Amino acid sequence: MNAKYRKISAYAISISIGASLMACAADPLQSGLDPFAPMAFKEGTTTMPLNPPNKSTLQPFYTSQTTIFKFAVDTNSILVGKDGVTRYIVVITNPSGGEQVQYEGIRCDTFQWRLYGTFDNNKWNENPLGSWAAIKSNIPNRYQAALAQGAFCNLNSQETSLKNVLQSLNPRAFTGDLPAPAF
């Protein structure tokens, strides 16, 4: 009986030591990993579109009462990225009919946008100096803010359903003239 008792005690001690070691490894203070620390943003690879915007899938959207430009997004170009970036082609039309076509991205978590490139002379030109910039809500040509607030974001989270994004861009449902989220 004494040998049996020693064997059971040895197993119990081994299990408790193993459990203690596993608990220490999972403890953020011991492992150095804080599960609540903000994750570092790592942008995925962005490739320029292959085609110009499709005129039949351009969806105009409201920007502000004070703008003189018209804005439309190519709904076929909208990409909801797993990296938290929603990419799209936007067509900006000035009062005389001239168009500027851009490929951009929006980050909802930081309320920022980035210009990836422009379409000029029937080809896409990458913007090598493109970097993330704050979206401005209080300017007349606030189209990035309108897209973020009206379709691409749920407050400071990315809308991950392309179907919901497209439904939000419907002119009868579009609410792109909302105040910017506080960060």
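User: How many bridges join E3 to E4, and do they run parallel or antiparallel?

Analyst: In this predicted model, E3 and E4 run antiparallel, joined by 9 bridges. To pick out one pair, Tyr88 has Glu104 in E4 as its bridge partner.

User: What sits between those two strands?

Analyst: E3 and E4 make a hairpin, with 5 residues between them. Gly97 is in that turn, and its phi is positive, about 100°.

User: And which way does E2 run against E3?

Analyst: E2, residues 70-80, is antiparallel to E3, with 7 bridges joining the two. Leu79 has Arg87 in E3 as its bridge partner. E2 and E3 also form a hairpin, this one with 4 residues between the strands, and Gly84 takes a positive phi near 90° there.

User: OK, so is E3 itself enclosed or open?

Analyst: Enclosed. E3 covers residues 85-93, and 9 of its 9 residues are buried, so the strand is largely enclosed by the rest of the structure.

User: Which residues are on each side of it?

Analyst: One side has Val85, Arg87, Ile89, Val91 and Thr93, and the other has Thr86, Tyr88, Val90 and Ile92. Those are all buried, so both faces of E3 are covered. As background, side chains in a regular strand alternate between the two faces of the sheet.

User: Why does Thr93 count as buried?

Analyst: Because its relative accessible area is 18%, and the cut-off for buried is under 20%. Leaving out residues up to four places away in sequence, Thr93 touches Phe69, Lys70, Gly98 and Glu99.

User: Switching strands: where is Gln102, and is it buried or exposed?

Analyst: Gln102 is in strand E4, which spans residues 99-107. It's buried, with a relative accessible area of 11%.

User: What does the Gln102 side chain pair up with?

Analyst: The side chain of Glu104, through a polar contact of 2.5 Å.

User: And what else does Gln102 touch further off in sequence?

Analyst: Not counting residues up to four places away, Gln102 touches Tyr88, Ile89, Val90, Ile92, Leu115, Gly117, Thr118, Trp124 and Tyr143. Tyr143 belongs to the buried set in helix H3.

User: How many residues of H3 are buried, then?

Analyst: 10 of 10, across residues 143-152, so H3 is largely enclosed by the rest of the structure. Among them are Tyr143, Gln144, Leu147, Gln149 and Phe152.

User: New topic, pockets. How much space is in the largest one?

Analyst: About 220 Å³. It's lined by 15 residues, and the closest to the centre are Thr47, Pro49, Ser77, Leu79 and Tyr103.

User: Which elements supply that lining?

Analyst: E2 and E3 are the elements that give two or more residues to the lining of the largest pocket. The largest share comes from E2, with 4 residues.

User: What's the lining like by residue class?

Analyst: For the largest pocket, the split is 7 nonpolar, 6 polar and 2 charged.

User: And what about the second largest pocket?

Analyst: That one has a volume of about 160 Å³. It has 13 lining residues, with Phe41, Asp83, Gly84, Arg107 and Asp109 nearest the centre. Its lining has 4 nonpolar, 4 polar and 5 charged residues. Gly84 is also the residue with positive phi in the E2 and E3 hairpin.

User: Which residues other than glycine have a positive phi?

Analyst: Phe111, with phi near 55°, is one of them, and Leu155, with phi near 60°, is another. For context, most residues other than glycine have a negative phi.

User: Where do those two sit?

Analyst: Phe111 is in the loop between E4 and strand E5, while Leu155 is in the loop between strands E8 and E9.

User: Buried or exposed?

Analyst: Phe111 is buried at 6% relative accessible area, whereas Leu155 counts as exposed at 70% relative accessibility.

User: Last bit, the whole chain. How many helices and strands are there?

Analyst: The protein chain has 4 helices and 9 strands. Along the sequence the pattern reads α-α-β-β-β-β-β-β-β-α-β-β-α.

User: What share of it is buried?

Analyst: 34% of the 183 residues count as buried. As for contacts between residues at least 6 apart in sequence, 48% join residues at least 24 apart.

How values were computed
Residues numbered from 1 in each chain as written. Predicted model: local features only at pLDDT ≥ 70, side-chain atom pairs only at ≥ 80, totals over all residues. Heavy atoms only, no water. Buried < 20%, exposed > 50% of the residue type's maximum accessible area, 1.4 Å probe, protein only. Polar contact = N/O pair within 3.5 Å; in protein donor to acceptor, adjacent residues only side chain to side chain. Contact = heavy atoms within 4.5 Å. Pairing = 2+ DSSP bridges. 1 Å grid on protein atoms, 1.4 Å probe; cavity = no way out; pocket = protein on both sides within 12 Å on 5 of 7 lines; lining within 4 Å. Points joined across faces, edges and corners; volume = space filled by probe spheres on them. Nonpolar A, V, L, I, M, F, W, Y, C, P; charged D, E, K, R; others polar.
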